[in-house]
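These are my notebook entries on one structure, set down in the order in which I looked things up.

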Amino acid sequence: AYNGSHFAAMGANSNAAWITAGGNPAHGLRLSAGGNGSLSVYASRGVAIGEYPTTDPGADNLSVAGIVKTTEIESSGALLLDAALDITIDAGGQDIILSDDGTIFGTLSNSSGFQIRSRVNNADMLFRGVDGGTEFTALTLDMSEGGNATFAGSTTAKGNVTVTNTGAGNAYLKAFATGTGA
């Protein structure tokens, strides 16, 4: 029932109220309040938040405390996840899938250890960083060449370096020196 300022649930099930179009619950919204102060919103066609004419600059923001259960979040622009503490992504299927317009390009997996996988055929994997204000590629893994590694700078090994040949022919370790030495 609407009393001029707010809706109030009436009757035997006084913790739920329907807002319907033409009195048809199939075209409406159900609000259900729990005894612990929770609010559940059910809609026959989805719930949209935002774009309501107002002078309140925060009116199109959705603030939620607790758990939000959904299968999809969509934004017409950039999406920002901002937390005062850590952000945890917990994928029960062991994969965090990275896509661009529906095309998978990478996966972070927990299968026999942590895996970072490129999902694009023959696409190099680049490890990039910033040095002195300039962005550069520190390491390139060439996937079209079986994962050959190219480092932009020196490579330091704290232990032994082992060269193993898994194909036909000999395995070589090549060393090049420049300069005059000391």
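Entry 1, Ile87. I located Ile87 in the loop that lies between β3 (39-43) and β4 (95-100). The model is a predicted one, and I read the accessibility from its coordinates. Is Ile87 buried, partly exposed or exposed? Its relative accessibility is 49%, so I entered Ile87 as partly exposed; the class of exposed residues would require over 50%.

Entry 2, surface patch. I then asked which residues make a nonpolar surface patch together with Ile87. I found Ile73, Leu79, Leu81 and Ile89 as its partners, and the patch covers about 560 Å².

Entry 3, confidence. I looked up pLDDT for the protein and noted a mean of 76, with 60% of the residues at 70 or more. Where is confidence lowest, and where is it highest? Strand β1 (residues 16-21) has the lowest confidence, with a mean of 57, whereas strand β8 (residues 134-142) has the highest, at 96. I kept in mind that predicted coordinates should not be read in detail where pLDDT is low.

Entry 4, β4 and β5. I followed the chain to β5 (residues 103-110), which runs antiparallel to β4 and is joined to it by 6 bridges. At this pairing I noted Asp100 opposite Thr103 of β5. The hairpin of β4 and β5 has 2 residues between the strands, and in it I recorded a positive phi near 55° for Asp101.

Entry 5, β5 and β6. How many bridges join β5 to β6? I noted 5 bridges between β5 and strand β6 (residues 114-118), and the two run antiparallel. Ser109 stands opposite Gln115 of β6. This hairpin has 3 residues between its strands, and Ser112 takes a positive phi near 60° there.

Entry 6, the sheet with β8. I traced an open sheet of 3 strands and wrote its order as β7-β8-β9, with antiparallel pairing. The edge strands are β7 (125-131) and β9 (148-151), each of which pairs on one side only. From one strand to the next, I recorded an average twist of 20°. I then checked β7 against β8 and found antiparallel pairing over 7 bridges. Within this pair, Leu126 is opposite Thr140 of β8. As a general reminder, I added that strands of a sheet pair through backbone hydrogen bonds, either parallel or antiparallel.

How values were computed. Residues numbered from 1 in each chain as written. Predicted model: local features only at pLDDT ≥ 70, side-chain atom pairs only at ≥ 80, totals over all residues. Heavy atoms only, no water. Patch = residues over 30% accessible without salt bridge, like charges linked within 9 Å, V, L, I, M, F, W, Y side chains within 5 Å. Areas by Shrake-Rupley, 256 points an atom, 1.4 Å probe, with all protein chains shown as cover. Salt bridge = Lys/Arg side-chain N within 4 Å of Asp/Glu carboxyl O. Buried < 20%, exposed > 50% of the residue type's maximum accessible area, 1.4 Å probe, protein only. Pairing = 2+ DSSP bridges. pLDDT = per-residue confidence, 0-100. Axes fitted to C-alpha atoms, helices over the stretch in contact; angles between N-to-C directions.
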